[in-house]
Amino acid sequence: MLSRRIRFAALCALVIIVMAFAMPAGAQSRREIKIPDVPGYRVLKFDLHMHTVFSDGKVWPTIRVQEAWREGLDGISITDHIEYVPFKKDIPVNYNRPYEIALPEAEKLGILLIRGAEITRNMPPGHINAIFLEDVDRLNTEKWEDAVKAAFDQKAFIFWNHPGWKGQQPDGIAKWYDEHTMMLEKGWMHGIEIVNEFEYYADAHQWCLEKNRTMVGNSDVHDPIAMAYDPMKGESRPLTLVLAKEKTLESVREALFAGRTVVYWKNSLMGRAEHLSPIFNQSVAIEKTTVEIKPKGRAYFQIRNISEIEYELELAGSVADFDAPKTLTIPAERTVVFYLRSLKEDAKGQVKPDLPYVVKNLKTAPDAGLPVTFPVTVNFIAAE
């Protein structure tokens, strides 16, 4: 009897193991990134810089697609190095092959896959990504100028990678060279990475504002993503949020060239005010904006945040005849209460004070947060 039970238990265990390995992709777990869409645009989550075994990465191209799906991304670009292929003794050099291998998996999982490559040259000009390519082979040239022009001729979106990377800038300070001026003047530089892996480049952020270049932030991942970023420590890959009219490659391409991007990294968003403001406004709302209070009394407001970002606010100046919190934290996916206290004993009628704050972790420039205003209405009632 005991032997039969053991055999039965072993058989059940075997069936469970087989079923687990046979589970389709749809049964896997996908994390949804909770950043809302904005009026007129989808907010699509992209990583536009990563590597596979076809250059110096450690994973097969399909794994990059599966990682992106599990982490809630909408799309990726595999950008293997052209000039650096350390595994060529094991894997034939075929610059278009990573895209070709990954595409069926991307189509199955609904991930937008952009054909890309990394032009890997010494500084200056450094490393350059080109995406929306037709044929990567044409970028394999002796001169870096010919490689970038070959990408430009294919109407690729071209951006300068990790300008302050210590592998090429030992002091970690990004520098603008004559070669970059030439690229800019020829129309060969459409964007700049302001975040790469664990590094933020303030100078690059400012250059994007001054030179009207698109801001991008990417992982540049080589290892399996779970080895590169530890979720137990709160780590996650940087992302480029693309404000696209719809979830299509053509819409993403149009948005990148138009500069409609926001970089998401370490609980911060970085971009232009016109792109940050609608994300904040769609994320945060006061539940009830009209209250009644007595003179010298307090009004209480509930403010709800539906996004996964914890917003950190600081009062900008003062509110006439009222006292408001100097700082305000709105946790991710939570509702908080904050007060507004009247300072006048003879206050009466209706008052509509605007509450001016700066969202410190929504950066419109390296040292500037996003100004926001909470309009509220206060109706004063007579003291008893």
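1. Rings of Phe, Tyr and Trp (for Trp, the six-membered ring) are taken to pair if their centres lie within 6.5 Å, with planes under 30 degrees apart counted as stacked, over 60 as edge-to-face and the rest as tilted. By that criterion, a search of the whole structure yields 13 aromatic pairs. One of them is edge-to-face and joins Trp160 and Trp176, with 5.8 Å from centre to centre and 70 degrees between the planes. This pair links distant parts of the chain, 16 residues apart, since Trp160 belongs to strand β5 (residues 157-160) and Trp176 to the loop between β5 and α5.

2. The model is predicted, so that local features need pLDDT of at least 70 and side-chain atom pairs count only at pLDDT 80 or more, whereas totals for chains, interfaces and linings use all residues. Residues are numbered from 1 along each chain as its sequence is written, and side-chain values use heavy atoms, with hydrogens and water left out.

3. Helices (H or I, at least four residues) and strands (E, at least two) are DSSP runs numbered from the N terminus, and two strands pair if DSSP finds at least two bridges between them. An open sheet of 4 strands follows the order β12-β14-β18-β16 with antiparallel pairing. Because β12 (284-286) and β16 (322-323) each have a single partner strand, they stand at the edges, and one side of each is left without a neighbour in the sheet. The antiparallel pairing of β16 with β18 (residues 335-342) runs over 2 bridges, and Phe322 has Ser342 in β18 as its bridge partner.

4. Helix α9 (residues 273-283) lies across β12 and β14 (298-305) and runs at about 50 degrees to β12; axes are lines fitted to C-alpha atoms, for helices over the stretch in contact, and angles run from 0 to 180 degrees between N-to-C directions.

5. Helix α4 (residues 144-153) packs against helix α5 (residues 178-186) at an angle of about 25 degrees, with the axes 12 Å apart. α4 is therefore roughly parallel to α5, a term for angles under 35 degrees. In contact (heavy atoms within 4.5 Å), Trp144, Glu145, Val148 and Phe152 of α4 meet Glu179, Met182, Met183 and Lys186 of α5.

6. A second open sheet has 3 strands in the order β13-β22-β19, and its pairing is mixed. Here β13 (290-293) and β19 (350-351) are the edge strands, each with a single partner, so one side of each lacks a neighbour in the sheet. β13 runs parallel to β22 (residues 377-380), joined by 4 bridges, and Val291 has Val378 in β22 as its bridge partner.

Notes
Parallel < 35°, antiparallel > 145°, perpendicular 65-115°, else oblique.
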